[in-house]
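User: I am a first-year student and would like a close look at a single part of this structure. Please take one residue, and then work outward to the helices around that residue.

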Amino acid sequence: MDLAVRASLKGWKFLYLGSLKVKNELPSTFKAYRFQQHRWSCGPANLFRKMVMEIITNKRVSLWKKAHVIYSFFLVRKIVAHIVTFVFYCVVLPATVLVPEVEVPKWAGVYIPSIVTILNAVGTPRSLHLLVFWILFENVMSLHRTKATFIGLLEAGRVNEWVVTEKLGDALKTKAAAVKAPRRPRFRIGERLHLLELGTGLYLFFCGCYDVAFGKNHYFIYLFVQATAFFIAGFGYVGTFVPNS
């Protein structure tokens, strides 16, 4: 991304070929996927911090292109999208249950997000049956993307962390080569339990219980389902688990 932005600032133009297809491997574990998403969210935010003034003062590209790169590419897609998703749906909306004086209009809490989600899903009609699960999982991952975004913007502790994503095929080959005799698989608790997800799940579950007792908007339906998604991720029941040998 760094090279692409710098090449664009020198006047280079890129052509997107949507017809090209390549094979790829998925991350070997949920932990590996979390590291990958951290890198993909922290990197662009940190790049924005380092290059925003260079983009503004650049004289080789038009004002329109500068505005597009800063606003659309960086601010909206790489920063605001992550933060708004987590803060609104996993912090603010549940908190309105505890403060009945605050009311979120339906167009902001339901209609606009539903339209955006449906438009994103239109491109992959074969996966429409997974739409609800995808939304819940994306809300879970928005926690890590938001954290990584702030780390990148503030250049905090893990900003320069680079962990190569271990793919499932590589992980299985490594395990098979390392094991000479059958041994009972074991794992450390830290590899399976994720405290951030568990803490957020408890918060959503508490808000759901409060809404059942005192609420009137039936937010508890969403809160309990989303809390379940956080618990599933928090206890490590996402994807394939490859224990240490």
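Analyst: The residue to start from is H82, which is found in helix 3. The model is a predicted one. Helix 3 covers residues 63–98.

Is H82 buried or exposed? Its relative accessible area is 17%. Buried means under 20%, so H82 counts as buried.

The next point is what lies around H82. Leaving aside neighbours within four places in sequence, H82 is in contact with S41, R77, S142, R145, T146 and T149. Of these, S142, R145, T146 and T149 are also listed among the helix 5 residues that meet helix 3.

That leads to the pairing of the two helices. Helix 5 runs over residues 131–154. The axes of helix 3 and helix 5 are 8 Å apart, and the angle at which the helices pack is about 130°. Angles over 145 degrees would count as roughly antiparallel and 65 to 115 as roughly perpendicular, so helix 3 is oblique to helix 5. Their crossing is left-handed.

On the helix 3 side, the residues in this contact are K78, I79, H82, I83, T85, F86 and C90. They meet N139, S142, L143, R145, T146, T149, F150 and L153 of helix 5. By type, the residues of this contact divide into seven nonpolar, six polar and two charged.

C90, one of the helix 3 residues in that contact, has a relative accessible area of 1% and is therefore buried. C42 is another buried cysteine, at 2% relative accessibility. With a cut-off of 2.5 Å between cysteine sulfur atoms, the count of disulfides comes to zero.

Helix 5 also has a contact with helix 4, which spans residues 106–122. The axes of helix 4 and helix 5 come within 12 Å and cross at roughly 115°. This crossing is right-handed. Here T117, N120 and A121 of helix 4 meet L131, W134 and I135 of helix 5. The residues of this contact divide into four nonpolar, two polar and no charged.

Helix 3 has a part elsewhere too. Helix 1, residues 2–9, has V5, A7, S8 and L9 as its buried residues. What covers them includes helix 2 (30–57) and helix 3. Just after helix 1, G11 takes a positive phi of about 95°.

To return to the starting point, H82 is a buried residue on the helix 3 side of the contact with helix 5.

Definitions and conventions. Residues numbered from 1 in each chain as written. Predicted model: local features only at pLDDT ≥ 70, side-chain atom pairs only at ≥ 80, totals over all residues. Heavy atoms only, no water. Axes fitted to C-alpha atoms, helices over the stretch in contact; angles between N-to-C directions. Helix = DSSP H or I, 4+ residues; strand = E, 2+ residues; numbered from the N terminus. Left-handed = near helix turned anticlockwise from the far one by under 90°. Contact = heavy atoms within 4.5 Å. Nonpolar A, V, L, I, M, F, W, Y, C, P; charged D, E, K, R; others polar. Parallel < 35°, antiparallel > 145°, perpendicular 65-115°, else oblique. Buried < 20%, exposed > 50% of the residue type's maximum accessible area, 1.4 Å probe, protein only.
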